[in-house]
Amino acid sequence: MELIGITARLYFVDGVAQDTDVIPGLLAQTAPPKSARGREHDYLFAHLSLSGPPDEAAELADSFVATLTQEFFHSTGTVTAALRRAVLDMNERLLYYNVQNRRAVEGALTAAVLHGDELFTLQTGEALAYLGHNFGVERLPTQTTGAPTPLGRSAGLDIRFAYHRLQIGDMLLLADPRLASLNGSTLSPVLVDSEIESGVDALAEVIDQDTARLLLVEFADEIPASLPVKLVPKPAKPATRPAPVPVSKEPAPAPPTAGPQRESGLPPLRTTAAPAITTATVETKARQAAASSARGMSSATGWLSGMLGQLNPTSDDKDDEETSISWALPAAIALLIPLIVSGIVLSVYLQRGNVEELGQIKQDMVEHMVVAEGAADSPEQSRASYEAVLALAAAADELRPGDGEIARMRFEARENLDRMDGVTRLTATAFGEYGKEATLTNLALRDAEGGFYVLDETGNEVLFRETDENYDTINSDDPQIVAYNGQAVGTEIMGPVLDMIWRSDGSAETRSGLTMLDRTGVLFTYYPNLGDIRAVPLGFSSNWLNPVAISTYGGRIYILDNGAGQIWKYYPQGEGFIQDETDIAISLDEGADLQQAVDFDLYSEDGSLAVLYSDGRIRYYDTRSGRIQWDENTLLQNGLTTPFVSPTAVELVGRGLNASIFVLDPGTSRLVQISRGGTVLAQYRALDDQGNELLSQATDFGVAESPFRLLLTTSTQVFRASR
């Protein structure tokens, strides 16, 4: 719901309303042209009080309020972040003024932003505001602990944030700190079940003999055509109790290309011209919503009355020979009406509860953002606060998916965490769906020509999609089935495939193809140039306990068997593979602990080995000596900001100086790029179309070089991500 703010700026001196457009320190401002992204529809309200001689304080207050406006409407990010930056900038300017002029000017500020139907309030110093709802008046701040640090005293401010979800008819009063004696009962006639016209009158009674600058705001969903555009009280003669202050009926002149100005120097609330009409029609227009509700209730009552009249006709309408009416229909209606009413009441109750809970979540998110931004010297505290914001955002999505302010705070928290972690964000787009029943577990890229293969564990089939060579577009509408469980290949029957790799042609292989290993110990290779499949049973497969992954080097085939704690080695011979009885597995140092390994890969130039473990460990071995060259502790010293939590896949990509090791860690939603020497080169994160962390859902990945392209599989989709 999009609300607008209808404002009245009031100035009382010893209880006398002043007829002036110049009220220092008050601001009611809509977004100016060329505002920053996200600020285009915001309303900014402010009340600034400064100490010192009145003339000097008035001039300074206007200057700093202008600074606040400029900084806020040209700041991107969330409302709270933009407001906080604007206030901190104001405080720095006041500190500089005090130092340069050897003064001690201090201040109190209430700044509020209307964003849709949400109100974000920032207060510092002894600021004072009151928010009126249909159930009562809320004081802001709700409570104060000690003496808050005022503006201009130090670089550290006591900033207090508040968040509210507004309803039509709610009212806000920004007041001088000297009016702190006012309470809810005193201000109830002004702020509760009131309109701005009557609120102004009631304020004159409340102020009595005091001097005050006040900004009164009524929140509405539209501006009635009869709304007076200038809400300034007329001067009253001094008296023991001044008479109620009426609202001026004279409209301000309207510029030809913009809406009417409410007061001198303020931009219009609407960009379209709205004629000013007399106050006599204001009340009629302002209460149209209530009249519509009454008409709706009247219609419903009339329908019910008519229905009861048909069920119980008068004696004049009855025919002597008419049979008695069946009581089945009235009995059904009698049962249905309470159920319908109960359903409506329950729906309203649940909706109100959700709104209140969402409001509390936003309030908590704002507080965590303030703590995180203020803990610049404590990265641990900042990280914990930003992570709390993300957790609260996830809870808010369950109540109201797609909330704009939640999304903005989530984005800002992620952006700051990325900055702390040295993470690069990738832009990800869906690159093919495979149905809700699919379970994609493995991915293999075809060299040079583009195209990729996926393994669907649910359908027990391998599927191919053709793409351009840069993996930017898909050239086929539907995936092509290239292999499936139960397929007859020569004398062999394909079983469930557990892993697959792309093997380029070379000295040991005359054609490039997709090599697949099934759970029966047979190696199947699909050759796309002729569309044929060949099967080769691997010897001694009866010794395998739990094979999980395959890789290749120098034409050989390697199989990681974490059940046996071995990486089996097979040499090419003709069209098949054999084992050397004296060299059946890779020899590694004691403590290799391959029972915990989940994936591995070998470097194509020297056969060095990367082994990935389910508990976050990684080892890089020299296979000639079997010794560790570096491990996860080396990475933590060389740029890895957060240890791996639950990595699932590792892949060696490229050659020579361009060679890199990529590790997929869904536990931390990262893809980490590492040099062969053990230095972290980059850490990537990616979001899906819904703004969710994509890598936390990833099951496998493939990397294409020049240009860099990352393909990811989730259980049902393939995504393409790029820088």
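## Briefing on a hairpin, a helix pair and salt bridges

In the hairpin formed by β31 and β32, where 6 residues lie between the strands, G654 adopts a positive phi near 85°. The model is a predicted one, and the points below move from this hairpin to a pair of packed helices and then to the salt bridges, of which a search of the whole structure finds 31. The last group of points turns to R414, a buried residue of helix α9 that also belongs to a salt-bridge network.

**The β31–β32 hairpin**

- Strand β31 (residues 649–653) pairs with strand β32 (residues 660–665) in the antiparallel sense, and the pairing runs over 5 bridges.
- Within this pairing, L652 has I661 of β32 as its bridge partner.
- Because 4 of the 5 residues of β31 are buried, this strand is largely enclosed by the rest of the structure.

**Packing of α3 against α4**

- Two packed helices are described by the angle between their axes and the distance between the axes.
- For α3 and helix α4 (residues 196–207), the packing angle is about 150° and the axes are 7 Å apart; since angles over 145 degrees count as roughly antiparallel, α3 is roughly antiparallel to α4.
- On the α3 side the contact involves T186, L187, P189 and V190, which meet G199, A202, L203 and V206 on the α4 side.
- Sorted by class, the contact of α3 with α4 comprises 6 nonpolar residues and 2 polar residues, with no charged residues.

**Individual salt bridges**

- Side chains of opposite charge can pair when their charged atoms come close.
- R93 and D89 are joined through their side chains by a salt bridge with an N to O distance of 2.9 Å, and the two residues are separated by about one helical turn because they are 4 residues apart in helix α2 (residues 79–101).
- The partners in this bridge differ in burial class, since R93 is partly exposed with a relative accessible area of 44%, whereas D89, at 17% relative accessibility, counts as buried because the limit for that class is under 20%.
- A salt bridge also links D176 with R213, and here the closest N and O atoms are 2.9 Å apart.
- D176 lies in the loop between β10 (171–175) and α3 (184–191), while R213 belongs to strand β11 (residues 212–220), so this pair ties together parts that are 37 residues apart in sequence.
- D176 is buried, with a relative accessible area of 2%, and R213 likewise counts as buried, at 12% relative accessibility.
- In the salt bridge between E449 and R446, the closest N and O atoms are 3.8 Å apart; E449 counts as exposed at 54% relative accessibility, whereas R446 is buried with a relative accessible area of 11%.

**The network and R414**

- Through salt bridges that share partners, R383, R414, D418, D421, R425, R685 and E693 are joined into one network.
- R414, one of the residues in that network, is located in helix α9 (residues 404–421).
- With a relative accessibility of 11%, R414 counts as buried.
- Leaving aside residues up to four places away in sequence, R414 touches L390, R425, L687, G691, N692 and E693; R425 and E693, two of these contacts, are also members of the salt-bridge network.

Terms used. Residues are numbered from 1 along each chain as its sequence is written. This is a predicted model: local features need pLDDT of at least 70, side-chain atom pairs count only at pLDDT 80 or more; totals for chains, interfaces and linings use all residues. Side-chain values use heavy atoms; hydrogens and water are left out. Buried means under 20% relative accessible area, exposed over 50%, partly exposed in between (1.4 Å probe, protein chains only). Contact means heavy atoms within 4.5 Å. A salt bridge is a side-chain nitrogen of Lys or Arg within 4 Å of a carboxyl oxygen of Asp or Glu. Two strands pair if DSSP finds at least two bridges between them. Axes are lines fitted to C-alpha atoms, for helices over the stretch in contact, and angles run from 0 to 180 degrees between N-to-C directions. Angles under 35 degrees count as roughly parallel, over 145 as roughly antiparallel, 65 to 115 as roughly perpendicular and the rest as oblique. Ala, Val, Leu, Ile, Met, Phe, Trp, Tyr, Cys and Pro count as nonpolar, Asp, Glu, Lys and Arg as charged, and the others, Gly among them, as polar.
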